[in-house]
Amino acid sequence: MADLEKIVDDLSSLTLLEAAELTKMLEEKWGVSAAAPMAMAAMPGMMMGGAEGAAEEEKSEFDVVLKEIGPKKINVIKEVRALTALGLKEAKEVVDNLGTVMEGVGKEAAEEAKAKLEEAGAVVELK
């Protein structure tokens, strides 16, 4: 049997990007999706209020996603590091891959991050 404490320690030492890559690899190997439970959890609310009820609710969590880097890539990397506390390598990977900078943040924090990244030269989308 696997040493569960060792597995917990190994997983705890992963960076955010390594954890995301691990998730993708496990999804592919096991043929599952981590997003499926989220979709199922949303269904009861949809059944009760229909699409109208979902549209009336104001979104409270946002993802900050890079769409374009712009001409000042170094400034964008610096800003990503400041917003996320990622290391230089991880921040560069997020910028190079036009990835998600922040997930599940409040509206105020998302708008502030968007403003800072756009000031650095990036094109940002809030989802």
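The questions below concern the sheet and helices of a predicted model.

Me: What is the order of the strands in the open sheet of 3 strands?
Reply: Strands of a sheet pair through backbone hydrogen bonds, either parallel or antiparallel. In this open sheet the pairing is antiparallel. Strand E2 (100-105) and strand E3 (123-126) are the edge strands, each pairing on one side only. The twist averages 25 degrees from one strand to the next, and the order of the strands is E2-E1-E3.

Me: How many bridges join strand E1 to E2, and which residue in E2 stands opposite Val 64?
Reply: Strand E1 covers residues 62-68 and runs antiparallel to E2. The number of bridges joining E1 to E2 is 3. Val 65 stands opposite Thr 100 in E2, while the residue opposite Val 64 is Met 102.

Me: Which residue in E3 stands opposite Leu 66, and how many bridges join E1 to E3?
Reply: E1 and E3 run antiparallel. Opposite Leu 66, E3 places Val 124. The count of bridges that join E1 to E3 is 4.

Me: What distance separates the end C-alpha atoms of helix H2?
Reply: Helix H2 takes in residues 16-30, which is 15 residues. At 1.5 Å a residue the helix should span 21 Å, so the expected span agrees with the distance between its end C-alpha atoms, 21 Å.

Me: Which residue follows H2, and what is the sign of its phi?
Reply: The phi of the residue after H2 is near 70 degrees. That makes its sign positive, and the residue is Gly 31.

Me: Are helices H4 and H6 roughly parallel or roughly antiparallel to each other?
Reply: Two packed helices are described by the angle between their axes and the distance between the axes. For helix H4 (residues 73-84) and helix H6 (residues 107-119) the angle is about 155 degrees, and the axes are 9 Å apart. Angles over 145 degrees count as roughly antiparallel. H4 and H6 are therefore roughly antiparallel.

Me: Is the crossing of H4 and H6 left-handed or right-handed, and how many residues of their contact are charged?
Reply: The crossing of H4 and H6 is right-handed. Val 76, Glu 79, Val 80 and Leu 83 in H4 meet Ala 113, Lys 116 and Leu 117 in H6. The residues of this contact include 5 nonpolar and no polar ones, and those that are charged number 2.

Terms used:
Residues numbered from 1 in each chain as written. Predicted model: local features only at pLDDT ≥ 70, side-chain atom pairs only at ≥ 80, totals over all residues. Heavy atoms only, no water. Pairing = 2+ DSSP bridges. Helix = DSSP H or I, 4+ residues; strand = E, 2+ residues; numbered from the N terminus. Axes fitted to C-alpha atoms, helices over the stretch in contact; angles between N-to-C directions. Expected span 1.5 Å × (residues − 1). Parallel < 35°, antiparallel > 145°, perpendicular 65-115°, else oblique. Left-handed = near helix turned anticlockwise from the far one by under 90°. Contact = heavy atoms within 4.5 Å. Nonpolar A, V, L, I, M, F, W, Y, C, P; charged D, E, K, R; others polar.
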